[in-house]
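Q: Could you show me how to read some features of this structure, with the general idea ahead of each case?

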Amino acid sequence: MRREKQRVIPPAERATPDLDSGKYLVMWQGPQHPGITGNMSLRLVAEGDTVVDCETHVGYLHRGFEKLMERRLYMQNFPLVCRIAVPEPDFNEYCYAAALEELAGIVIPEKAVWLRTLSLEMMRLASFLMWIGGQAGAFGHGTIAQWSVTMRDYVLDLFEELTGGRIYHMYIIPGGVRGDVPAGFYKRVLETMAVVEKNLDDIELVMFHNAVFKMRAEGLGYIPRDWVDHYGITGPNARAAGVARDLRKDSGYLAYPRLDFQPIVGTESDAYERARLRLGEMYQAIDLIRQIVDMAPKDGPFRERLPNPLYWRIPAGETYVSAECTRGEYGFYVVSDGSDKPRRVAVRGPSYTHAVSVMERLVRGVNIADVAGLMVSLHTYPPEIER
Amino acid sequence: MDIKDFIAPFAVWKRAFEKPFTVKKPIDERPGAPRYRGFHMNDADACVGCGTCEAICMNNAIDLVPAAGREAKDGDSGLRPRIDYGRCCWCALCVDICPSGSLSMSNEYVWIDRDPDVFRYVPGVEAKPWDGSALGYRRAEGYRLLDEDRVPMPELGHAEAVASFLELVRGYSRAQAEKEADRCVSCGLCIASCPAHMDIPGYIKAVRDGDMDEGLRLLYETNPFPEACGRVCTHRCEEACSIGSGGDPVAIRWLKRYIADQVELSDYAKALPRGAAPSGKKVAIVGAGPGGLSAAYYLSMQGHAVTVFEAEEAAGGMLRYGIPEYRLPYPALDKDIGYIESLGVSISRGVSIGKDIELSKLRTDFDAVYLSTGLPVAYGLEVPGEDHPRVLDGVAVLARATRGEELGLGGRVAVIGGGNVAMDAARTALRHGATVDILYRRREEDMPADADEVREAKAEGARLVEKAIPLEVRDAPDAAGEAALFIWNEATMVQKEPGKRPVPEPIPGAVREGRYDSIIAAIGQGPDLSFIAESDGVPVKRFRPVVDSFGMATRAAGGAPVFAGGDLVNDRKDAISAIADGHRAAIGIDRLLYGKGA
Amino acid sequence: MNELAKELAGRYGARGWHDIRKDLASVEVDAIRIRDVMAYLRDEAGYGHLSFMTAIDNIERGAFTLSYALRDHDARRGLIVHADVDRAEPTVDSIHLLWGQAWTYQREMREWFGIDFPGSPRVDEEFVLEGWEGPPMMRRDFDSLAYSDATYAERPGRVTHDPASHMREKLYPEAAQ
C-alpha cells in the first residue's frame with residue numbers, strides 16, 4: 001500500500017515553466033563521466049529540489065559507427081561493433097555475426113552455439129555486477145560497488161583467459177567463435193561462480209534489506225504497464241512491470257531453448273523492484289552458466305570456414321537479429337547490397353527509448369538527489385543511443 | 001520496512017576483518033592471460049612481407065616498411081609490418097589472417113614512455129622485451145581466416161593416364177576456379193618471380209569477379225601463350241606465393257588456364273585490344289617457338305609487319321615438339337598460335353635460316369631481326385658407346401612422338417637425366433608400353449625437373465635410379481644393335497665445398513649394369529649457331545649471342561639490327577622466360593624502329 | 001501471415017511481402033500511407049512494439065528507404081515495413097503519436113539523413129551531432145574519409161609500401177619504363 005502511494009505517474013505533456021520568473025533552477029547533470037549517468041547529460045529544470053522538466057542531451061559518445069561500417073569489409077567490422085556498448089560488447093558481436101550468417105546462409109557448429117551462449121551469459125553477469133555497483137553508489141552505498149566491481153573483475157579474468165581480452169573480447173566472430181575453451185577453464189568458471197554467488201548473497205543482505213535503499217528506491221520511477229508497448233520498453237524494465245517478455249525464451253536463439261529457465265517477472269515496477277529483479281537475473285545467469293558448462297559439447301569444431309575475408313561478399317538482402325541483453329532488446333539491422341561492405345547497419349539498443357523518452361517523462365516530479373538513482377534504475381548505456 | 005532493514009546493512013562490517021580482494025604487488029607482476037592480446041611479435045624470418053596484415057587492419061595501424069638487412073627477393077618483399085599503437089585496437093585479425101603465421105601477440109600489455117613516437121615499431125626487427133614470449137595470442141588450432149588447402153585439380157588416374165595420351169589435368173570448373181581464386185590475398189609477391197611479370201593478382205581477381213574478358217586482356221598484356229603456360233609453365237610464381245608460406249600456394253597456373261579455356265578463340269578479338277595502325281616496318285623472326293611468337297604478337301600489336309621463319313613443319317617450338325600432348329594438347333597450343341596468326345603475323349613453315357635463306361638476307365630485307373632459335377642440339381652421354389644405335393636423343397624422341405612417328409623404343413627403356421625432358425621422355429615411353437628406368441647422377445631432390453613431373457613419372461610406374469654415373473654403353477651380348485647394356489657407377493654424395501651443392505663421387509667397385517632396348521639420353525641441349533656468320537656482327541660468347549637489356553645483339557652497319565632471346569640467350573630456359581624475352585625484344589625493336597631508343 | 005499481407009494490400013496497397021525468416025517478414029508501402037499502416041499494425045494486427053526506425057540511402061534510385069521494425073510479442077514475430085521517399089524532397093508523416101519513442105528516431109533521421117517529419121517534437125534540434133555543419137552524415141554521398149582527411153592532419157612519419165611495387169623497384173626496375 002505504501003509503495004502504491006509513492007507512485008507518481010508524470011503527465012505526458014511537458015511542463016512549460018517560466019524560467020524568467022525566478023522560481024526555477026536550470027541545472028545540468030552530466031556530461032562528466034563518473035559513471036554511466038554522466039555519459040549523457042540531462043538539462044533539468046527544478047522548482048525547489050523537485051524536477052519539473054527534463055531534456056536529454058546525447059552525442060558525447062557518438063563515434064559514427066554506422067557510417068564507419070559502411071566503408072569497411074564485413075570482417076573488418078567485427079572488431080568495431082563491440083565498442084558500441086562498452087560494458088557488454090558481446091551482444092554486439094553476437095548480433096552482428098548472427099546477422100551476417102543469416103544473410104550469407106551459414107550454419108555455425110554446435111560447439112560455437114554453446115560457447116556463444118556461455119560468453120553472453122558471462123557478459124550478462126559481468127554487466128549486472130557493474131550495474132549493481134552503480135545503483136548502490138547512486139544512493140550513496142559505495143561499499144557495494146567495491147564488492148560487485150571486484151566480482152566483475154573475476155568474471156573479466158575468465159574472459160581474459162577465454163578470449164584474450166578483458167573488455168573487448170572479440171570472440172564471437174562470424175562463422176563461430178575464435179577459439180575453444182582452454183584446459184581447465186570450466187573448472188575455473190565454476191569456482192568463480194561460487195565466489196560470485198556468495199558475494200551476491202552478501203549484497204542481497206545489505207542492499208535489499210536496507211532502510212535507506214528502500215526509502216529512496218521504492219516507488220521511484222514507476223513505469224505503468226501500458227507504457228511498455230507505448231515506449232518500446234524491453235528487458236528488466238518491462239519485466240518488472242509484469243510483462244513476461246524475454247527474447248531468450250521468445251526467439252529461442254543459440255542454446256537457450258535447451259536451457260532450463262523462466263523469465264523473472266515483477267509487479268511493482270519501481271526502482272527497487274527492478275533492482276531486485278536484476279539481482280534475480282544475476283543468480284539466473286550463474287545458473288545458466290552452470291548448465292552450459294554441464295551441457296556444452298567438449299569436442300568438435302568451433303568455427304565454420306568462411307570465404308577469404310578480404311573479398312567476402314554477402315548476397316543482397318536485409319535482416320534484423322535481436323538478442324536479450326541485460327537491458328532488453330539489442331539488435332542489429334543489416335542491409336547488404338551484394339558487395340563486400342554492408343550497405344547499412346543500424347543498431348537497436350534498449351537505452352534508445354529507456355534513456356530518452358522514458359527518462360524524460362519519469363524524471364518529472366523526482367527529487368534532484370534521486371535523478372541519478374532513477375537513471376541507473378533504468379540501466380542505460382548512452383553509447384548505444386548515439387552509435 | 002521492518003527491523004531487519006535497519007540491522008542488515010551493518011553486515012558490511014564483517015568484511016572489515018576479511019582479506020581484501022586487492023593485492024599489494026606492483027602491477028607489472030600481474031601477467032596477461034596465456035591468450036592475452038598484447039604487443040605484437042613477428043618471426044621476421046618466416047614473414048614474407050606480403051602486407052595481408054595491413055589489408056585486413058581496419059584501423060590503418062599497419063605500414064609495410066623496408067626492414068634493415070632484408071632485401072627483396074623471390075617470395076619475400078623485404079618489407080615488414082610496422083605497427084602504430086596510436087591506432088591498433090588489439091583485435092588480432094592480423095594474426096588470424098597472416099599467411100605465413102609469423103605474426104603473433106605476446107601477453108605483455110605494460111609499456112610506458114614519455115615519447116609518443118616510440119609506440120610505433122617493427123616487431124621482430126626492432127627488439128622488444130617481449131620478443132619470443134611463449135605466452136600471448138596465437139591463432140587457435142583449427143582456426144584460419146584463409147584457406148591453406150588448394151582446391152584439388154581433377155586429374156586422370158595414373159592407370160588411366162598411362163594408357164593413353166589424353167590430357168592428364170582436366171581443368172577447374174567455375175566453382176572450383178572461383179574458390180581457388182578466393183584464396184589469393186592480392187599481395188603481388190608472385191609478380192617479381194614471374195619472368196614475364198604477369199599481373200597475377202589482376203587476373204585472379206578477374207576469376208573471382210567472373211570477368212573472363214578482363215582476365216584474358218590482362219593475360220595478353222604480358223603473355224600471348226596463356227593456354228600453353230596455363231598448362232606447362234614452370235610456375236615460379238607459385239614458389240613465391242605468400243599463401244604458400246603457410247599452406248598450398250594458390251594454383252596460379254591452373255587459374256590462368258581456366259581463363260583461357262573459358263573464352264572461345266572466336267571471341268578473343270572482342271576481349272583483346274586492337275593493334276596499332278600499320279607502321280610500314282617489317283620485322284623477321286627466326287624460330288616460331290613461344291619466344292619468337294611472343295615477339296611477333298607484341299610487334300604486330302605495334303603495327304609492324306611480322307614474318308616468322310620456322311624450320312619445322314609446324315609452329316610452337318619446344319611447346320609442340322618437346323612437351324607431350326598429355327601435358328599440352330595440340331588444340332590448346334594451336335589456339336594460342338591461331339590468335340597470333342589471326343592478327344596478320346605470317347609464319348613461313350619449313351624454312352630454315354642458314355640453309356634456305358641466309359641471315360644476311362633477312363638483315364637486308366627487313367627492318368629488324370629477332371633470333372629465337374632455342375637449343376635444338378642434344379648433348380651426348382659422353383661415355384664410350386654413346387653412338388650405339390640404341391642410344392636415342394630425348395628431344396628427338398619427343399619430336400617424333402609429336403609427329404606421330406613410330407618410336408620403336410622396345411620393352412625396356414632407360415632414360416638418362418633428371419630434367420623435364422627426361423621426365424617427359426620417360427612418361428612418353430610408359431605410354432608406349434615400356435618399362436622405364438630413370439637414371440640420374442644425383443639425388444631425386446637435386447633433379448632440375450618440376451617436382452610434380454618427377455612425382456607423376458614415379459606414380460605412373462617409372463623406376464628411379466639415383467646417384468648413377470654413366471660409364472659406358474655396350475652391345476647386349478646376344479642382340480647386337482638391337483639392345484644395349486648401360487653400365488653405371490653407383491655414387492655417394494660428397495659435400496666438397498660448404499654452401500655448394502654436394503657432388504656425386506663414384507663408389508669404387510660399385511659398378512652396375514642394365515639391359516635396355518633403348519637408352520634415351522636427356523642430359524641437356526645446346527644451341528645451333530651455324531647460321532650466324534661473322535659478317536652478321538652478332539657477338540657470341542660461350543655459345544650465346546651477347547645482348548643488351550632489350551635483347552639487342554647488334555645494330556652494326558650493313559643490315560637491320562639483330563635481337564636475340566629465349567633459351568638461346570637466357571639461363572632459365574623455360575617457355576615463360578622466352579615469352580618475356582620476346583616481349584622485351586618487341587619493345588626494344590619498336591623503340592628502335594620509331595627512333596625512341598636511339 | 002498471408003492474410004495480413006492480403007489485408008495490408010487491400011487496405012493500403014502494400015506489396016512485396018517477403019518472409020526473411022520464419023519469424024521475420026518485410027513489406028513495402030507508399031510513404032503517404034505510412035501512418036495509417038503503422039496505426040493499423042499496432043491496433044489491429046498485434047504489432048504493438050516498435051523496435052526501431054531507420055533509413056537506407058538508396059542514392060542510385062534517388063530514394064531514401066525507411067524501415068520501421070515492429071514486433072508482435074505474443075505471436076513472436078517481427079515485421080519490417082518499408083517506404084520509399086524522394087531523396088530530393090524527403091518528407092514523411094510523423095508517427096510520434098503512435099509510439100512514445102518515435103520522435104527520437106525521427107529527430108535522428110532528420111539529422112543523419114535530412115528526412116523531415118513535420119510535427120514531430122524537437123525534430124529540428126541537434127541530436128548527437130552538436131555543432132555539425134556538414135551535410136547529413138549518413139547520406140551515401142557524404143564521404144567520411146575525405147572529410148576526415150581534409151579536417152584532421154595525418155600523424156607524421158607514417159609511410160607504407162605496396163609489396164608488388166616495392167619489389168619491382170628493387171628487383172626489375174626496367175619494367176617500370
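Q: How far apart are the mean positions of the positive and negative charges of chain B?
A: Lys and Arg count as positive and Asp and Glu as negative, while His and the chain ends are not counted; the place of a charge is taken as NZ of Lys, CZ of Arg, CG of Asp or CD of Glu. In chain B of this predicted model, the mean positions of the 72 positive and 89 negative charges are 4 Å apart.

Q: What conventions lie behind such values?
A: Residues are numbered from 1 along each chain as its sequence is written, and chains are lettered from A and ligands numbered from 1 in the order in which they are written. Because the model is predicted, local features need pLDDT of at least 70 and side-chain atom pairs count only at pLDDT 80 or more, whereas totals for chains, interfaces and linings use all residues, and side-chain values use heavy atoms, with hydrogens and water left out.

Q: What percentage of the residues of chain B count as buried, and what area does chain B expose?
A: A residue is buried under 20% relative accessible area, exposed over 50% and partly exposed in between, with a 1.4 Å probe and protein chains only. By this criterion 56% of the 598 residues of chain B are buried. The accessible area, from the Shrake-Rupley method with a 1.4 Å probe, is about 25,700 Å² for chain B, and carbon and sulfur atoms supply 51% of it. The C-alpha atoms of chain B fill a box of roughly 120 × 65 × 45 Å along the principal axes.

Q: How many helices and strands are there in chain B, and which strands stand at the edges of the sheet S15-S16-S17?
A: Helices (H or I, at least four residues) and strands (E, at least two) are DSSP runs numbered from the N terminus, and two strands pair if DSSP finds at least two bridges between them. Chain B has 20 helices and 23 strands, and S15-S16-S17 of chain B is the order of an open sheet of three strands with antiparallel pairing. Strand S15 (468–475) and strand S17 (503–516) of chain B each have a single partner strand, so one side of each lacks a neighbour in the sheet and they stand at the edges. Strand S16 (residues 484–494) of chain B is joined to S17(B) by 10 bridges, and B:Ala484 stands opposite B:Tyr516 in S17(B).

Q: How many residues lie between S1(C) and S2(C) in their hairpin?
A: Two residues lie between S1(C) and S2(C) in the hairpin. Strand S1 (residues 15–21) and strand S2 (residues 24–30) of chain C pair in the antiparallel sense over four bridges, and C:Asp19 has C:Ala25 in S2(C) as its bridge partner.

Q: Where are A:Ser269 and B:Glu382 found, and what is the phi of each?
A: Most residues other than glycine have a negative phi. A:Ser269, although not a glycine, has a positive phi of about 60 degrees; A:Ser269 is in the loop between helix H11 (247–250) and H12 of chain A, and is buried at a relative accessible area of 1%. For B:Glu382 phi is positive too, near 55 degrees; B:Glu382 is in the loop between strand S10 (377–378) and strand S11 (391–393) of chain B, and is exposed, with a relative accessible area of 67%.

Q: Which residues is A:Arg290 in contact with, leaving aside its neighbours within four places in sequence?
A: Contact means heavy atoms within 4.5 Å. A:Arg290, in helix H12 (residues 271–295) of chain A, is in contact with A:Leu190, A:Met193, A:Ala194 and A:Glu197 once its neighbours within four places in sequence are left aside. A:Met193 is 97 residues from A:Arg290 in sequence and 8.2 Å from it in space, C-alpha to C-alpha.
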